[in-house]
Amino acid sequence: QVQLVESGGALVQAGGSLRLSCAASGRTFSSYAMGWFRQAPGKEREFVAAISWSGGSTYYADSVKGRFTISRDNAKNTVYLQMNSLKPEDTAVYYCAATAADCSEYGCYGPGKYGMDYWGKGTLVTVSS
């Protein structure tokens, strides 16, 4: 089992920045690819970004490419999502997730929902116009 706890969500103005963190505990963090997903009110959950177990490969949805950066610190069992140039349409609950499978720019390929094996409970990001 892997336990994931997100933090860093807040209310921010359009054009601003936030950094989300996801702290992992349980089984070996560095064995898992990590991803960020988001779900806006009334919409399906969508893939935002993913990073390989080593941090050597990163993947982004087109909607956030060039504005968001995913990174990880395996010594701290933490994955981050740096969000810059935020837009009102970025408003959503952001979820951290882990998978033992591979990922690509289209998402990850584990057996669980949305291709991920473990999920956090989410953190709310609200971007005001």
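F47 is buried, since its relative accessible area is 12%, where buried means under 20% relative accessible area, exposed means over 50% and partly exposed lies in between, with a 1.4 Å probe and protein chains only. This residue belongs to a predicted model, in which local features need pLDDT of at least 70 and side-chain atom pairs count only at pLDDT 80 or more, while totals for chains, interfaces and linings use all residues. Residues are numbered from 1 along each chain as its sequence is written, and side-chain values use heavy atoms, with hydrogens and water left out.

## Overall make-up

The protein has zero helices and 13 strands; helices (H or I, at least four residues) and strands (E, at least two) are DSSP runs, numbered from the N terminus. The radius of gyration of the protein is 13 Å, close to the 14 Å that the globule rule gives for 129 residues, so the protein is as compact as a globular protein of that length. That radius is taken over C-alpha atoms, and the globule rule is 2.2 Å times the number of residues to the power 0.38. Taken along the principal axes, the box filled by the C-alpha atoms is roughly 40 × 25 × 25 Å, and buried residues make up 46% of the 129 residues.

## The nonpolar core

In soluble globular proteins, nonpolar side chains tend to be buried together. Here the largest nonpolar core has 39 residues, and those with the most contacts inside it are L4, M34, W36, V79, L81, M83 and Y94. Such a core is a set of buried Ala, Val, Leu, Ile, Met, Phe, Trp, Tyr and Cys residues joined through side-chain atoms within 4.5 Å. The strands that each supply at least two residues of this core include strand 1 (2–7), strand 3 (18–26), strand 4 (33–39), strand 5 (46–51) and strand 8 (78–83).

## A sheet of four strands

An open sheet of four strands follows the order 1-3-8-7 with antiparallel pairing, two strands being paired if DSSP finds at least two bridges between them. Strand 1 and strand 7 are the edge strands, each pairing on one side only, and the twist averages 15° from one strand to the next. For that angle, axes are lines fitted to C-alpha atoms, for helices over the stretch in contact, and angles run from 0 to 180 degrees between N-to-C directions.

Strand 1 and strand 3 run antiparallel and are joined by six bridges, with E6 standing opposite C22 in strand 3. The covered face of strand 1 carries V2, L4 and E6, whereas its uncovered face carries Q3, V5 and S7. Strand 3 and strand 8 also pair in the antiparallel sense, over six bridges, and the bridge partner of A23 is T78 in strand 8.

## Two loop residues with positive phi

Most residues other than glycine have a negative phi, and most peptide bonds are trans. The table gives two residues that have a positive phi although they are not glycines.

| Residue | Phi | Loop | Relative accessibility |
|---|---|---|---|
| N77 | about 55° | between strand 7 and strand 8 | 28%, partly exposed |
| S85 | near 50° | between strand 8 and strand 9 | 41%, partly exposed |

## Aromatic rings and charges

The structure holds six aromatic pairs. Rings of Phe, Tyr and Trp (its six-membered ring) pair if their centres lie within 6.5 Å, and planes under 30 degrees apart count as stacked, over 60 as edge-to-face and the rest as tilted.

F37 and F47 form an edge-to-face pair, with 5.7 Å from centre to centre and 75° between the planes. F37 lies in strand 4 and F47 in strand 5, so the pair ties together parts that are ten residues apart in sequence. F37, at 2% relative accessibility, counts as buried. F37 also forms a tilted pair with Y114, at 6.3 Å centre to centre and 55° between the planes. This second pair links distant parts of the chain, 77 residues apart, for Y114 lies in the loop between strand 11 (107–108) and strand 12 (118–119). Y114 counts as partly exposed, at 28% relative accessibility.

Ring pairs link F37, F47, Y95, Y114 and W119 into a cluster. R45 lies over the face of Y95, at 3.7 Å from the ring centre, and R72 lies over the face of F29, at 4.4 Å from the ring centre. A charge sits over a ring if NZ of Lys or CZ of Arg is within 6 Å of the ring centre and within 35 degrees of the ring normal.
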